[in-house]
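Let's take a walk through this protein together. Have the sequence and the model open, and we'll go piece by piece.

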Amino acid sequence: MNVLVDWGYGAGTVDSFPLVELACFVLEHEDAPLNSEVSLAFVQNERIAELNESYRGKVGPTDVLSFECDGLDDEFGFDYSLDPDMPFELGDVIIAPDVARRQSAEFGHSFEAEVSLLLVHGLLHLLGYDHIEDDEAEEMEARERELLSEWADFGHDAVRGVRDDAIRVRGEH
């Protein structure tokens, strides 16, 4: 697993969180190919608002966006397991730290917990989860809870405080 991070706007705040480790944890638990590659970027509200409008037609900043590259269900005819040096580019996860900070205060858990939740959410999108239909949303919410709970059990207590109402895939995403 390879996680490329552009701390950009998050330098000094989110760069102390074990996000690369969390990303690898999620990818491993979701049985992503071993040669998976994901990029993670932290951007200002203005930038995520531009992306949100360009790609989703929604005005204003959002908390997290995901952009898939090589989908797990794509039928490219290439077996990535045959060439372990060939990266399987899952895609990009983009997080707005300012939105995450506001949401952490709103939901009463730590900033690290909110950023971790957003990362898990974004990665699950890259791995094929969605929340357009209620049954899909329930599945995605349950998986987010399970992964964060397991992550907390591995000694990452900061995410233990994520409340159920904070896992809200039927919301603004």
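What follows starts with the overall layout and then looks at two helices and how each one packs.

First off, keep in mind that this is a predicted model. The protein has five helices and four strands, and if you read along the sequence, they come in the order β-α-β-α-β-β-α-α-α. There are 173 residues, and 47% of them count as buried. The contacts also reach far along the chain: among those between residues at least 6 apart in sequence, 69% join residues at least 24 apart.

Let's begin near the start of the chain. Between strand E1 (2-6) and H1 there's a loop, and Ala-11 sits in it. Is Ala-11 buried or exposed? Its relative accessibility is 52%, so Ala-11 counts as exposed, given that the cut-off for exposed is over 50%. Ala-11 also gives us a look at how the chain folds back: Phe-42 is 31 residues away along the chain, yet the two C-alpha atoms are separated by 8.6 Å.

Move on from that loop and you reach helix H1, residues 19-29. Quite a list of its residues is buried: Leu-19, Leu-22, Ala-23, Cys-24, Phe-25, Val-26 and Leu-27. What covers them? The cover includes strands E1, E2 and E4, along with H4 and helix H5 (134-153). After H1 comes Asp-31, which has a positive phi, near 55°.

H4 is worth a closer look as a neighbour of H1. Two packed helices are described by the angle between their axes and the distance between the axes. For H1 and H4, the axes come within 10 Å and cross at roughly 40°, and the crossing is right-handed. On the H1 side, the contact is made by Leu-19, Leu-22, Ala-23, Val-26 and Leu-27, and these meet Val-115, Ser-116, Leu-119, Val-120 and Leu-123 of H4. By class, that's nine nonpolar residues, one polar and no charged.

H4 has another partner, helix H3. Here the axes of H3 (residues 97-107) and H4 (residues 111-126) come within 8 Å, crossing at roughly 120°. That angle makes H3 oblique to H4. This crossing is right-handed too. The H3 residues involved are Pro-97, Ala-100, Arg-101, Gln-103 and Ser-104, while H4 brings Phe-111, Glu-114, Val-115 and Leu-118. The mix in this contact is five nonpolar, two polar and two charged residues.

Now stay with H3 and ask which of its residues are buried. They are Pro-97, Val-99, Ala-100, Gln-103, Ser-104 and Phe-107. These buried residues lie on the same side of H3, because they cover an arc of only 150° around the axis. There's a simple rule to keep in mind here: an α-helix has 3.6 residues a turn, so residues three or four places apart point the same way. Turn to the other side of H3 and you'll find Ala-105 and Glu-106 exposed.

So much for the two sides; what lies over the buried one? The cover on the buried residues of H3 includes strand E2 (36-42), helix H2 (45-56), strand E4 (88-95) and H4. Finally, H3 is followed by Gly-108, and the phi of Gly-108 is positive, near 75°.

Definitions and conventions:
Residues numbered from 1 in each chain as written. Predicted model: local features only at pLDDT ≥ 70, side-chain atom pairs only at ≥ 80, totals over all residues. Heavy atoms only, no water. Axes fitted to C-alpha atoms, helices over the stretch in contact; angles between N-to-C directions. Parallel < 35°, antiparallel > 145°, perpendicular 65-115°, else oblique. Left-handed = near helix turned anticlockwise from the far one by under 90°. Contact = heavy atoms within 4.5 Å. Nonpolar A, V, L, I, M, F, W, Y, C, P; charged D, E, K, R; others polar. Buried < 20%, exposed > 50% of the residue type's maximum accessible area, 1.4 Å probe, protein only. Arc of directions from axis to C-beta.
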